[in-house]
Amino acid sequence: MSNCIVFLCNCLHNGGAQRVLVSIANYMAEHGYEVHIVASFDNGSYPLHPSIQVRYIGEGQYWRFVRESRKEIKRLQPKAVIAFEYFF
């Protein structure tokens, strides 16, 4: 079974939910999990563990985000998918 975890989020800018997401993702990466983050747009300022892979889909493109997220989940076959925040 895969040790892959996928986080879905709107963005990674300064905020409480984003800080919690990055803290959990960093902890899991440090403990041997393969961590992926799929976000709508790139504006992150929190430091990520070097092994964490982030995919940015594009701001304001809800259906593209849904479609691309599904593709990533199918491709990675993660142990868990965790969604943070609201989407648009």
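Arg55 counts as partly exposed, with a relative accessibility of 28%. The model in which this residue sits is predicted, and Arg55 is a useful place to begin reading it.

Side chains of opposite charge can pair when their charged atoms come close. A search of the whole structure turns up four salt bridges. One of them joins Arg55 to Glu68, with 2.8 Å between the closest N and O atoms. Arg55 belongs to strand 3, which covers residues 53–56, while Glu68 belongs to helix 2, which covers residues 62–76, so this pair ties together parts that lie 13 residues apart in sequence. Glu68 has a relative accessibility of 11% and counts as buried, because the cut-off for buried is under 20%. Arg55, at 28%, is partly exposed, since its value falls between that cut-off and the one for exposed, which is over 50%.

Arg55 has a second partner to consider. Its side chain also meets that of Glu72 in a salt bridge, at 3.0 Å from N to O. Here again the arginine is in strand 3 and the glutamate, Glu72, is in helix 2, so the pair ties together parts 17 residues apart in sequence. Glu72 is buried, and its relative accessible area is 10%.

From Glu72 the path continues along the helix. The side chains of Glu72 and Arg75 meet in a salt bridge of 2.9 Å, N to O. Both residues lie in helix 2, and they are three residues apart, which is about one turn of the helix. Is Arg75 buried or exposed? Arg75 counts as exposed, at 55% relative accessibility, because exposed means over 50%. The bridge between Glu72 and Arg75 therefore has a buried residue at the Glu72 end and an exposed one at the Arg75 end.

These contacts can now be read together. Arg55, Glu68, Lys71, Glu72 and Arg75 are linked in a network of salt bridges. Within this network, Glu72 is paired with Arg55 and with Arg75, and Arg55 is paired with Glu68 as well as with Glu72.

Another charged residue to locate is Lys74, which is found in helix 2. Lys74 is exposed, with a relative accessible area of 57%. To place it against another part of the chain, take Asn43: the two residues are 31 residues apart along the chain, and their C-alpha atoms are separated by 26 Å.

Key
Residues are numbered from 1 along each chain as its sequence is written. This is a predicted model: local features need pLDDT of at least 70, side-chain atom pairs count only at pLDDT 80 or more; totals for chains, interfaces and linings use all residues. Side-chain values use heavy atoms; hydrogens and water are left out. Helices (H or I, at least four residues) and strands (E, at least two) are DSSP runs, numbered from the N terminus. Buried means under 20% relative accessible area, exposed over 50%, partly exposed in between (1.4 Å probe, protein chains only).
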